[in-house]
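User: I would like to learn how the words used for a protein model are justified. Could we go through some of them one at a time, setting each value against its definition?

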Amino acid sequence: MSTNTAHVPQRAEIAWGPIVWMAFLHLGALMAFNAGWFTWSGLVLCLVLHWLTGGIGICMTYHRLLTHSSFKVHPGWLKYVLTAIGCCASEGGPIGWVADHRRHHAHSDEPEDVHSPRDGFGWAHMFWWMTPDITSVHSPEYYKRWAPDLYKDKVLRFIDATHLLYPLLMGAACYVAGEYFVGNGMSWLVWGFFVRTVLVLHATWLVNSATHRWGYRSHETRDDSTNLWWVALVTYGEGWHNNHHAYQTSAAHGLDWWEIDTTYIAIKLMSYLGLASDIKVAKPEKKTAVTTSGVSAASIAEATRNAATTVKADLPNVELPGAIDTPDVLTPTGA
Ligand SMILES: [Zn+2]
Ligand SMILES: [Zn+2]
């Protein structure tokens with residue numbers, strides 16, 4: 001596996017806003033060393049909100065729902081609530097996140113990838129967003145190129161523009177609730193907001209760094225993606241990343257019996273409650289990917305190719321790679 005490349009992308013200006021915000025979160029997490037602010041209820045809150053914002057907000061909503069359209073949620077407004085929960089992870093707005101991730105899939109471990117460990121492990125983990133490649137600055141043009149389906153949704157655009165508001169509200173709610181219920185608002189603020197956010201951030205970043213470096217590969221893909229159990233553990237199944245690169249629209253990332261995927265379990269539970277449908281699931285042992293409604297991998301692949309061609313024709317000067325799982329056309333017709 002290559003660890004170096006001669007590629008040196010042109011960097012945009014230093015992203016001071018995100019750097020200051022991330023530094024604030026990391027410094028805030030150091031308050032966990034103050035024993036007076038430790039409570040068991042604060043630790044439980046940390047774990048619950050880690051799952052809610054990281055597992056449900058990022059893994060399930062930002063990634064499997066918004067980026068790859070692996071399933072649908074009902075009623076329609078639920079998508080926006082889940083997206084706002086994703087914002088609480090402090091990983092930026094949904095449209096920018098999706099655009100970056102689709103670009104990652106289109107150019108995985110190639111020079112145009114926004115975060116490949118071939119440019120250095122630290123770069124793939126977190127430095128990439130500090131001095132972003134000049135071609136991946138979050139402009140309306142970038143959004144329209146990589147996430148046109150999300151960009152045309154006015155509600156998603158509003159949530160994207162106000163994404164910082166949601167983690168701030170969650171942090172304030174942690175403090176107020178901590179004061180009210182256990183008389184220690186700082187404990188719930190430190191553990192439910194600062195520590196939890198930093199843990200979610202690094203868990204997500206490990207998918208970009210560790211699961212393109214260490215682990216096993218079940219499928220031949222044109223990138224360095226791997227399956228890594230300990231990353232899967234802290235990312236609710238996202239660590240089965242080689243599976244994901246091989247079957248990008250599959251709502252299930254864990255494909256072998258030992259590959260526990262709690263995000264997929266959550267999606268299935270939602271479907272039992274009538275909150276999710278059209279769940280696409282890869283069946284690699286049959287060398288085909290099917291959805292729960294019976295759409296084959298071949299038809300998905302053909303629809304993707306057609307969509308790439310169609311969207312390309314509709315959007316002049318827009319180079320939409322075929323590797324993007326264009327959402328609308330991947331919807332199973334037999335739902
Ligand atoms: Zn990847
Ligand atoms: Zn993905």
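Analyst: We can start at Gly274, which follows H13 and has a positive phi, near 80°. This is a predicted model, in which local features need pLDDT of at least 70 and side-chain atom pairs count only at pLDDT 80 or more, while totals for chains, interfaces and linings use all residues. Residues are numbered from 1 along each chain as its sequence is written, and chains are lettered from A and ligands numbered from 1 in the order in which they are written.

User: What makes a stretch a helix or a strand, and how many of each does the protein chain have?

Analyst: Both are DSSP runs numbered from the N terminus, a helix being a run of H or I with at least four residues and a strand a run of E with at least two. By that rule the protein chain has 14 helices and four strands. H13, for instance, covers residues 262-272, and strand E2 covers 276-277.

User: Why is Thr249 called buried or exposed?

Analyst: A residue is buried if 20 or more other C-beta atoms (placed from the backbone) lie within 10 Å of its own, exposed if 12 or fewer do, and partly exposed in between. Thr249 has 25 other C-beta atoms within 10 Å, and is therefore buried. Thr249 sits in the loop between H12 (241-246) and H13, and its C-alpha is 9.3 Å from that of Leu65, although 184 residues separate the two in sequence. In the whole protein chain of 335 residues, 44% count as buried.

User: How do you know on which side of H13 its buried residues lie?

Analyst: The buried residues of H13 are Thr263, Tyr264, Ile267 and Met270. We look at the arc, which is that of the directions from the helix axis to the C-beta atoms; here it is only 115°, so these residues are on the same side of H13. On the other side, Leu269 and Tyr272 are exposed. The buried residues of H13 pack against H2 and E2.

User: Which residues of H9 are buried, and why are they said to line one face?

Analyst: They are Tyr166, Met170, Gly171, Cys174 and Gly178. Seen down the axis of H9, they fall within an arc of 140°, so they line one face of the helix. The general background is that an α-helix has 3.6 residues a turn, so residues three or four places apart point the same way. The face of H9 turned away from the buried side carries the exposed residues Leu168 and Tyr180, whereas the cover over the buried residues includes H2 (40-67), H3 (77-87) and H10 (185-209).

User: What span is expected for H9, and what does the model give?

Analyst: The expected span is 1.5 Å times one less than the number of residues. H9, with 18 residues (165-182), is expected to span 26 Å, and the 25 Å from its first C-alpha to its last is close to that.

User: Why are H2 and H4 described as parallel or perpendicular?

Analyst: Axes are lines fitted to C-alpha atoms, for helices over the stretch in contact, and angles run from 0 to 180 degrees between N-to-C directions. Angles under 35 degrees count as roughly parallel, over 145 as roughly antiparallel, 65 to 115 as roughly perpendicular, and the rest as oblique. H2 and H4 (residues 94-106) pack at about 65° with their axes 10 Å apart, and they are therefore roughly perpendicular. Residues in contact (C-beta atoms within 7 Å) are Tyr62, His63, Leu66 and Thr67 of H2 and Pro94, Trp97, Val98, His101 and Arg102 of H4.

User: What makes H3 and H8 parallel or antiparallel?

Analyst: The axes of H3 and H8 (residues 154-161) come within 10 Å and cross at roughly 20°. That angle makes H3 roughly parallel to H8. The contact is made by Tyr80, Thr83, Ala84 and Cys87 of H3 and by Val155, Leu156 and Ile159 of H8.

User: What is notable about the phi of Ser69 and of Tyr236?

Analyst: In general, most residues other than glycine have a negative phi, and most peptide bonds are trans. Ser69, in the loop between H2 and E1, nevertheless has a positive phi near 50°. Tyr236, in the loop between H11 (229-234) and H12, likewise has a positive phi, of about 60°. Ser69 is buried, with 20 other C-beta atoms within 10 Å, and Tyr236 counts as buried with 24 C-beta neighbours inside 10 Å. The peptide bond from His74 to Pro75 is cis, with omega near -10°.

Technical notes
Two residues are in contact if their C-beta atoms, placed from the backbone, lie within 7 Å.
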